[in-house]
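Welcome! Take a moment to look over the sequence and the model, and then let us walk through a part of the fold together.

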Amino acid sequence: MTREEAGRLPQVLARVGASHGITDLACKLRFYDDWAPEYDQDVAALKYQAPRLAVDCLSGTLLGPSPETLILDVACGTGLVAVELQARGFLQVQGVDGSPEMLKEAQARGLYQHLSLCTLGQEPLPSPEGTFDAVIIVGALSEGQVPCSAIPELLRVTKPGGLVCLTTRTNPSNLPYKEALEAAFDSLEQAGVWERLVAQPVDHWELATSERETGLGACAQDAFISGIIYLYRKREAVQGEGGRVSAQPPTDH
C-alpha cells in the first residue's frame, strides 16, 4: 500500500462501511453515482480482490479466449472486471449497470463493446435469451443491490452450456443474504437448469471496515473480510416427448 493509500484508508473504510449499510436500492444507486470518480482508487486502497479472483475462476473453465467468446459483465461498475478479462485475452465484453456515473467511468476505459443502463431486479437484462458464452457478476450480490430473485435472469441470457460466475461477501452482516442466495442457487440446481462447478471460499476479499465484520476482534486496518466465488454451467436443453424442451438430466459432479 502506498503512503497516499494508507493516508486515505480511514476515509475509504468509512465510505465502504456506509455502502454496506444501505439497503434501499435507489439510495444505493445514488451512493454509487457519487462514488464513481473515486471508486477505483478507493477499492485499490481496500485491497479489493474480487474482480481478479472471479475472472481467474471463470477463465480457468472457459476453453481459452477466442474471438467468438462473448461475456456479459453484470453490475460492471467502472470496469474492473473488464480489465481482468482483457488481461487474459477475452475482448468481446458487454456491460450493464444501474448507475449512470459508473457507466461513464466504464465507457472511458474503452474495453466494452456495448454498455447499457439496467437495474437488475427491477428490469430484465437488455439481451435476448441465450446470448452469452459467460455471464459474470462481481460485487453486487448483497442486500440492497441485486435481489436473489433476479438470478434466473442471468441464466436466461446465458447460452446452453455457458457459464455463470457469481460472488458475494461472507462477512457477518452479509450472511443472511448469502444464505438466501445459496437457497436460490440450490433451487435452480434441483430444477435441473444449471449445475455447480465451483464454490471457492476466499479469506482475503477486502479489508474489513470494522472489527465486527472480521469476526475475529482484530484491528480493522489489519484484517480482511472473506468472500466466496461460485461458478455454474447452464444445462443444455434437450427435446422430450411431444416436442417439449427440458433441461438435460443432472450428472454426477
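What you see is a predicted model. A good place to begin is strand E1, residues 70-74, which pairs with strand E2 in the parallel sense over five bridges. To find this pairing in the picture, look for Ile-71, which stands opposite Val-93 in E2. Between these two strands the chain travels through helix H5, residues 80-87, and this β-α-β crossover from E1 to E2 is right-handed.

Now stay with E2, which spans residues 92-97. How enclosed is this strand? Five of its six residues are buried, so E2 is largely enclosed by the rest of the structure.

E2 also pairs with E3, again in the parallel sense, and here there are four bridges. One spot to look for is Gln-94, whose bridge partner in E3 is His-114. From E2 the chain passes through helix H6, residues 100-109, before reaching E3, and this β-α-β crossover is right-handed.

Let us follow the chain onward. Strand E3 covers residues 114-117 and strand E4 covers residues 132-137, and in the loop between them you will find Ser-127. Is Ser-127 buried or exposed? Its relative accessibility is 12%, and because buried means under 20%, Ser-127 counts as buried. Which residues does it touch, once neighbours within four places in sequence are left aside? Ser-127 is in contact with Phe-132, Arg-156 and Val-157. Of these, Phe-132 belongs to the stretch 132-137 that forms strand E4.

How values were computed:
Residues numbered from 1 in each chain as written. Predicted model: local features only at pLDDT ≥ 70, side-chain atom pairs only at ≥ 80, totals over all residues. Heavy atoms only, no water. Buried < 20%, exposed > 50% of the residue type's maximum accessible area, 1.4 Å probe, protein only. Contact = heavy atoms within 4.5 Å. Pairing = 2+ DSSP bridges. Right-handed = clockwise from strand over helix to strand, strands pointing away.
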